[in-house]
Every structure is written in structure tokens, then in C-alpha cells.
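Here is an informal walk through one protein model, going from the chain as a whole to a few helix contacts and some single residues. Have the structure open as you read.

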Amino acid sequence: MIAKAQYKMTPADLAVVLALVRGSSLAGAGERVGADASTVFRSLQRIERGLGRALFERSRAGYIATELATQLAEHAEQLEATLEAARSAVETAPAQVSGMVRISSTDTILHGLVAPALRSLQQVHPLLGFDLHTGNELVSLTRRDADIAVRATKRPPQHLVGKQIGPIRVALYAAKAKQAGKPSIKLADVEAGRVDWIAPDEALPEHPSVVWRRRNFPKAQPRYRVSSILSVLELVALGMGVGIAPLFLAEGRSDVLRLTEPLDDCETELWLLTHPESRHLRRVSVVYGHLAQTLQMP
């Protein structure tokens, strides 16, 4: 490629490069900049012609950023943060805080803790929007795939800003008997191997609850394997077997019965995490501060 002598990179060009670095595909980048994939492709061609250098390697896995693209993305992130700070500076009243905040967690934490906390925040800041991502993997806060992460871990990444919310305690649960005169499952039934198990073995093979069951009930093989702890509890509530679930999700429900005391060997920690640069953005700092004050572990 030969660079155009008059080409000057614009903030819009940087935004396209950053979106493609983050999205790794034309469609993914298009969603981030509000354009279709063909528009992103034409913009990338124009930028690369202007620079006289390729910014991405095309592969079956998507668009892989070159060293130059990575450097440009870093500048784009600084520009993004500066623009966010400028927008925040003109928002003087609390009710004027606006924008989209991307939060990552598991579905268990979202339903049991984060969503109830956001419901009260929505009344105070009605102009805020929330992009809620759930999954077992920890998305990259460094690449701004999320602004805030709420995760169960004992060792959060050191490059992130975080607050330890508290211990996540879990116990073994079964369904309460729904018919009068029908006995509920007891711990003795579990110990005797007369009860089916529900567990996330394949989805979360190293999850503390999986490790605990394999150590304490080595002969027990789950009849139902699910992809999340939330699904474990829902199947338990249907009377399909026993399973280990967090107290913050199970306590207070009328359809499940706790069979054990909290299992110390399964305990982990809940962390509220964000990137050092993101915490200075007003929309992020407002949500982070609210979650830090609101999230509580039983």
C-alpha cells in the first residue's frame, strides 16, 4: 500500500479502528459504531489506503489487530475517555447522569443481586441505560467489553479496581414437599445415594460446588447437568433432585429446603470490578458507587 499524502486520521477513523479491535468482526464493529458491516468495511479500506498500511489480518477467527492497530486503539480509548469526561463535566444535576453502562456477571449474580440493585438506581437516574452481559467467562474490562464486572473469585485481576463485597456462602438444597403428608428429601437420603443430583459439571468443571461433591460424594453422578448455578436451583425447586446453590439466591424461597449448614469448603468471594480509567467516567462511577453500597451478602 502507498499512503495518501493528504490523509489525516480523524476521531471517526479512530472509532472505527477501536470498534474493530473490540468486536473482532465487521458485524461486531458495526454494532459498536451504529453502522452496518459493509460501511465498516469501506471505512477500513479508506483508512488503510490513507495510511498505506494494513491494520488487521483477516482470518477465519475474524479480524486480528496488528501492532499499529493496537496502538491506534489505545489512542482511541484515551479520546473516548476524554469525551466521556467532557460530557460528564456538563452534567451538574444527579438526574442528568445518562448513557449506557455495560455490566458483566453470571446469570446467578445478575438475578440474585445486581438486577434488584439496579431497579432502585433506575428511579434515581432514569436516563441511564444498562447493557447486561451474562456468562461464566470474565469479559475483558481492559478492552472495554464491559464497564463493570460483578464476579465470584478469590483472586481478581490485579490491574483492575475492585471492592470485595463479601463471602458467597452456599449449601445443599432440595425441594420442599408440595403435597400434604409427602415427606421432603432429607440429608440421609442424599448420603444413602437415593437422590438425583443436579450440577454444572461440564459448564463449570472447577466450580467449588463440583469439587466439593466429587470429594464428599465420589460415587454420585449428576442426572442433570446444566450450564449455570441458577439452573441448578430452578431444577431443584421442581423436585428433580438436590443441588448446591448460594444462600443469597435460595434463602427466602418457599419452594426449596436447605439440607446442610453453609459449606465452608465451597465459599468464595464476590468482587465488584472496573478498569482504573473507566471509574472516572461519571455514568460508570455512579453505577459502581451504587452497587458498592447496595450489594450485600447474607
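Of the 298 residues in the protein chain, 46% count as buried. Keep in mind that this is a predicted model. The chain has ten helices and twelve strands, and its C-alpha trace spans about 85 × 50 × 35 Å along the principal axes. The accessible surface of the chain is about 15900 Å², and 51% of that belongs to carbon and sulfur atoms. What about contacts along the sequence? Take the contacts between residues at least 6 apart in sequence: 73% of them join residues at least 24 apart.

**Helix pairs**

Two packed helices are described by the angle between their axes and the distance between the axes. Three pairs are worth a look here.

| Helix pair | Angle between axes | Axis distance |
|---|---|---|
| H1 and H2 | roughly 125 degrees | within 8 Å |
| H1 and H3 | about 115 degrees | 10 Å |
| H5 and H10 | about 125 degrees | 10 Å |

Start at the N-terminal end with H1 (residues 11-23), which packs against H3 (residues 37-51). The H1–H3 crossing is left-handed. On the H1 side, the contact uses Asp13, Val16, Val17 and Leu20, which meet Val40, Ser43, Leu44, Arg46 and Ile47 of H3. By class, that contact has six nonpolar residues, one polar and two charged.

H1 also packs with H2, and the axes of H1 and H2 cross at roughly 125 degrees. That angle makes H1 oblique to H2. In this pair, H1 passes H2 in a right-handed crossing. Here Ala15, Ala19, Leu20, Arg22 and Gly23 of H1 touch Leu26, Gly28, Ala29, Arg32 and Val33 of H2. Sort those residues by class and you get six nonpolar, two polar and two charged. Leu20 is worth picking out: it belongs to the H1 side of the contact with H3 and to the H1 side of the contact with H2.

What sits in the loop between H1 and H2 (26-33)? Ser24 has its place there. Most residues other than glycine have a negative phi. Ser24, though, has a positive phi of about 65 degrees without being a glycine. With a relative accessible area of 31%, Ser24 is partly exposed.

Further along the chain, H5 (residues 107-124) packs with H10 (residues 282-294). H5 and H10 are oblique to each other, and H5 passes H10 in a right-handed crossing. Which residues make the contact? From H5 come Ala117, Leu118, Ser120 and Leu121, and they meet Val286, Val287, His290, Leu291 and Thr294 in H10. The split by class is six nonpolar, three polar and no charged.

**Leu118, from the H5 side**

Leu118 lies in H5 and is one of the residues in the contact with H10. Is Leu118 buried or exposed? Its relative accessibility is 7%, so Leu118 counts as buried, the cut-off being under 20%. Leave aside the neighbours within four places in sequence, and Leu118 is in contact with Ile103, Phe130, Leu132, Val287 and Leu291. Val287 and Leu291 are among the H10 residues that meet H5. For a sense of scale, Leu118 and Pro246 are 128 residues apart in sequence and 20 Å apart in space, C-alpha to C-alpha.

**Helix H8**

How many of the nine residues of H8 (residues 229-237) are buried? Seven are, so H8 is largely enclosed by the rest of the structure. The buried ones are Ile229, Leu230, Val232, Leu233, Leu235, Val236 and Ala237. Just after H8, Gly239 takes a positive phi of about 80 degrees.

**Glu277, ahead of H10**

Glu277 is found in the loop between strand E12 (268-274) and H10. With a relative accessible area of 38%, Glu277 is partly exposed. Which distance goes with a sequence gap of 196 residues? The C-alpha atoms of Glu277 and Ala81 are that many residues apart along the chain and are separated by 7.4 Å.

Technical notes:
Residues numbered from 1 in each chain as written. Predicted model: local features only at pLDDT ≥ 70, side-chain atom pairs only at ≥ 80, totals over all residues. Heavy atoms only, no water. Axes fitted to C-alpha atoms, helices over the stretch in contact; angles between N-to-C directions. Helix = DSSP H or I, 4+ residues; strand = E, 2+ residues; numbered from the N terminus. Parallel < 35°, antiparallel > 145°, perpendicular 65-115°, else oblique. Left-handed = near helix turned anticlockwise from the far one by under 90°. Contact = heavy atoms within 4.5 Å. Nonpolar A, V, L, I, M, F, W, Y, C, P; charged D, E, K, R; others polar. Buried < 20%, exposed > 50% of the residue type's maximum accessible area, 1.4 Å probe, protein only. Areas by Shrake-Rupley, 256 points an atom, 1.4 Å probe, with all protein chains shown as cover.
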